[in-house]
Amino acid sequence: MKNQTQTFVEPIEETQQTTHISGAEAVVKCLLEEGVNLMYGYPGGAIMPVYDALYHYQDQINHVLTRHEQGATHAAQGFARATGKVGVAMATSGPGATNLITGLADAQIDSTPMVCITGQVAEHLLGSDAFQETDIIGISTPVTKWNYQITKASEIPEIMAKAFFLARSGRPGPVLIDITKNAQFEKIDFHYKKCTSVRSYRPKSEVDPVKIEAAATLINQAKKPLIVFGQGVILGQAEAEFKAVIEKTGIPSAWTILGVSAIPSNHPLNVGMVGMHGNYAPNMLTNECDVLIAVGMRFDDRVTGSLDTYAKQAKIIHFEIDPAEIDKNVKTDVAVLGDVKETLAALLSKLNKNSHEAWHSRFKELDTIEHREVIEKDLYPTKEGLTMGEVINAINKETKGDAIIVSDVGQHQMIACRYAKFNQSKSNITSGGLGTMGFALPAAIGAKMGRMDREVIAIIGDGGYQMTIQELGVILHTKTPVKIVVLNNEFLGMVRQWQQLFFDKRYASTDMTNPDFVAIAKGYQIEGKRVCERKDLQGAIAEMIASKDSYFLEVCVEKEDNVFPMIPTGASVSEIRLK
Amino acid sequence: MENQSYTISVYTENNIGLLNRISAIFQRRHINIESLNTSISEIDGVSRFTIVVNVAPDQIKKLIGQIEKQVEVIKAFYHTEEETIYQESCLFKIKSDLLLEGGEIQQKIIETNSRIVTVNKDFFVLEKSGNKKEIEALYNYLNAFGIMQFVRSGRIAITKNEMKISSLLNTLPN
Ligand SMILES: Cc1ncc(C[n+]2csc(CCOP(=O)(O)OP(=O)(O)O)c2C)c(N)n1
């Protein structure tokens, strides 16, 4: 209750006021407490109080208006993947909230830390089919690590703290917080305490020395060991520990599509990518190794091919943070639970020095075959049409492996991940588990905003580009200098490849009639160029990299090229085809 | 591997959305839940789900892994029939006339250890607790006379071995 004297003695605290503030303002204060200064979103009725609060904090939080809520999620994901921080996306209730689902599902399957905030109709309207009411908690449950509906302002600080803690700890993932409109209006006294634990939640297991010992024994005895590493190394910030382990043991190390860049591409122990379009040697030798050491990866079916014939001859060691992944797809002999940063550090001193030279020469033999049969033709084609591979190669020449490459989904993605060179971690951003077309453009915007010091290049197909092309509006608005390369084969190339190989070339709904992409870029005030001849390629890429502003480059590539090697669905990794 | 019946006991924080999260784990894998019961547990503020499913031995372990992965799940256990003492309960609504005719049903009530909950001039309600087989046998018997309404509860189960929840909770923060 106010009285005369109090109003006189109270110090004037305008933005610092923490008593009697609205729930909406409390949400913004929570974001600040969590170190958020960049977020993505799209306003609407049920989230307007939070937008109004943000208006007063523009100097502290940069809210970027994407042109679709899906774009907001992918931008937050790109930011998170490039920086290792939690990405934040916000939307209104109803259609705004449902538009977040694809990004949530993508972040869930690729373990990306993200907090999504949605507005919701007022508590008294819940369940009444009110205007723009949807059950977003029900809808988002299977695609979130955790979600919660706030109906009282007093819950905001604790729940927001919990949301950020859960998103970033353990195996990271997306969290959705739905806030009813009444809670945004209600007044509270604001106190914030960071969340450091949740009773029922164990983010990671303690390192078990018995398991470390068992793993070390198997590794030390192995004659033909193979390491397959995934994004866990990057998420666990265990790059140095991982490098120390492989350098001491000399074990050939292959990566999953999300693991690449955890060690530099040119590292002598890097033997390439595993999986459907991975490299010949690591796929073939998966079925020849005697010990397979999986580090921070989850044996996705695109990695393993047929499980019945996957590394059956090998003892399997699995370093993993998520207990539910142990024995889920591949039965392990030694499961080492915990944060790979800790388990690998504990492992190191128990390992014997080795170099496995004879075993490495097997990789070289098979690599030579792949070079002759596939890689030479991809990177140095002699035919007239441009290949996707030579475009990536030309980009490598300009960036020297220093850029962040954000790829979309399809043939160009596989080619980009196979051939792009990386010098540092967190440099390959792509939608691995969900395979979300339309991911790359907004994700590249998020990555660039998070890492303004780095070159960010999006590599996108003509199909996927048109799924989120509206996000060019963000570039227009914010002048974010993202470089965009569209590899135009006038087809939904990856699907066309399957139609060619498995459906007798019946190209059902995969040919594209495309717009003038350069004109569209121009419409958004983005400098653009279209290149269709080899002699113009390197120059155009040099010009794009030299540009201080965003730049759009369309490259017309061969229409009916296929990505090889390839493990057909259901086949064994050692049945990988070179053509 | 052969499917078999497992009783899953899940200790959880009390949360509105959790039932949805847990049932989605089964639904996604196309697994039918035979019975599901939620209640308080022996620990203050901790809820307990008792779920019965018919699955293969390697599948049950994966299900437990997925359940335990949920943020608000404290611990999940699974047990075979032999490892638990379990009961289901059921109610029959039957015409009152039948109770008087011949005394046959009265005899059955005594034999099966069931109990009359209420009687009026039109119908009486019979309650029976026991395992699934016993309840099925009684159902089959009464069905010949005519059952007006029947309902059976989910399974509740106590395990023969200890489920160390209290000591686990003591080791956790908060
Ligand atoms: C949202 C979504 N819809 C459909 C698919 C299935 N799909 C996978 S690759 C692909 C073709 C992609 O074509 P394009 O973007 O032109 O790239 P290209 O394969 O030609 O390099 C399609 C349709 C998908 N992955 N994502």
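**Helix α17 of chain A**

I began with the buried positions of α17(A) in this predicted model, and I noted that Met388(A), Gly389(A), Glu390(A), Val391(A), Ile392(A), Asn393(A), Ala394(A), Ile395(A), Asn396(A) and Thr399(A) are buried. That makes ten of the twelve residues of the helix, so I wrote down that α17(A) is largely enclosed by the rest of the structure. I then checked the length of the helix, which runs over residues 388-399, and found 17 Å from the first C-alpha to the last, close to the 16 Å expected at 1.5 Å a residue. Just after the helix I came to Lys400(A), which takes a positive phi of about 55°.

**Helix α4 of chain A**

I turned next to α4(A), residues 69-83, and asked how far apart its end C-alpha atoms are. They are 21 Å apart, which agrees with the 21 Å that its 15 residues should span at 1.5 Å a residue. For its cover, I recorded that 15 of its 15 residues are buried. The helix is followed by Gly84(A), whose phi is positive, near 80°.

On the other side of α4(A) I looked at Thr66(A), which lies in the loop between β3 (62-65) and α4 of chain A. Thr66(A) is buried, with a relative accessible area of 2%, since anything under 20% counts as buried. I also took the distance from Thr66(A) to Val295(A), 229 residues apart along the chain, and their C-alpha atoms are separated by 36 Å.

**The ligand and its surroundings**

My next entry concerns the ligand, and I asked which residues are closest to it. Among the 18 residues that surround the ligand, the closest are Gln411(A), His412(A), Gly435(A), Gly464(A) and Gly493(A). By class, I noted eight nonpolar, nine polar and one charged residues in the shell.

I then went through the polar atoms around the ligand's oxygen atoms. A polar side-chain atom of Asp462(A) lies 3.1 Å from an oxygen atom of the ligand, while a backbone N or O atom of Gly493(A) lies 2.8 Å from a ligand oxygen. For Met494(A) I found a polar backbone atom at 2.9 Å from an oxygen atom of the ligand. As for cover, the ligand on its own has 590 Å² of accessible area, and the protein covers 76% of it. I listed the elements that give two or more residues to the shell, and these are α18 (411-419), α20 (462-465) and α22 (493-502) of chain A.

Gln411(A), one of the closest residues to the ligand, led me to Asn489(A), because the side chains of the two are joined by a polar contact of 3.2 Å, inside the 3.5 Å limit for such a contact. Asn489(A) itself sits in the loop between β18 (483-488) and α22 of chain A, and I noted that Asn489(A) is buried, with a relative accessible area of 3%.

**Strand β11 and the loop before it**

I looked up Asn270(A) in strand β11 (residues 270-273) of chain A, and asked whether this residue is buried or exposed. Asn270(A) is buried, with a relative accessible area of 16%. Its side chain makes a polar contact of 2.9 Å with the side chain of Trp255(A), and a polar atom of the Asn270(A) side chain lies 3.5 Å from the backbone oxygen of Ser265(A).

In the loop between β10 (253-255) and β11 of chain A I found Ser261(A), whose phi is near 85°, a positive value in a residue other than glycine. Ser261(A) is buried too, with a relative accessible area of 2%.

**Backbone notes**

I reminded myself that most residues other than glycine have a negative phi, and that most peptide bonds are trans. With that in mind I marked Gln132(A), a residue other than glycine with a positive phi near 55°. Gln132(A) lies in the loop between β5 (114-120) and α7 (136-140) of chain A, and at 25% relative accessibility it counts as partly exposed. I also marked the peptide bond from Phe564(A) to Pro565(A), which is cis, with omega near 0°; Pro565(A) belongs to the segment after β20 (551-556) of chain A.

**Chain B**

I closed with chain B, which has six helices and nine strands, and of whose 174 residues 44% count as buried. The C-alpha atoms of chain B fill a box of roughly 60 × 40 × 30 Å along the principal axes. The domain assignment gives domain 1 (4-84) and domain 2 (87-152), and I recorded 31 Å between the centres of these two domains of chain B, taken over C-alpha atoms.

Notes: Residues are numbered from 1 along each chain as its sequence is written. Chains are lettered from A and ligands numbered from 1 in the order in which they are written. This is a predicted model: local features need pLDDT of at least 70, side-chain atom pairs count only at pLDDT 80 or more; totals for chains, interfaces and linings use all residues. Side-chain values use heavy atoms; hydrogens and water are left out. Helices (H or I, at least four residues) and strands (E, at least two) are DSSP runs, numbered from the N terminus. The expected span of a helix is 1.5 Å times one less than its number of residues. Buried means under 20% relative accessible area, exposed over 50%, partly exposed in between (1.4 Å probe, protein chains only). A residue is near a molecule or strand if one of its heavy atoms lies within 4 Å of it. A polar contact is a pair of N or O atoms within 3.5 Å; within protein, one must be able to donate a hydrogen and the other to accept it, and residues adjacent in sequence count only if both atoms are side-chain atoms. Accessible areas come from the Shrake-Rupley method with a 1.4 Å probe; for residues, only the protein chains shown count as cover. Ala, Val, Leu, Ile, Met, Phe, Trp, Tyr, Cys and Pro count as nonpolar, Asp, Glu, Lys and Arg as charged, and the others, Gly among them, as polar. Domain bounds come from an automatic or database domain assignment.
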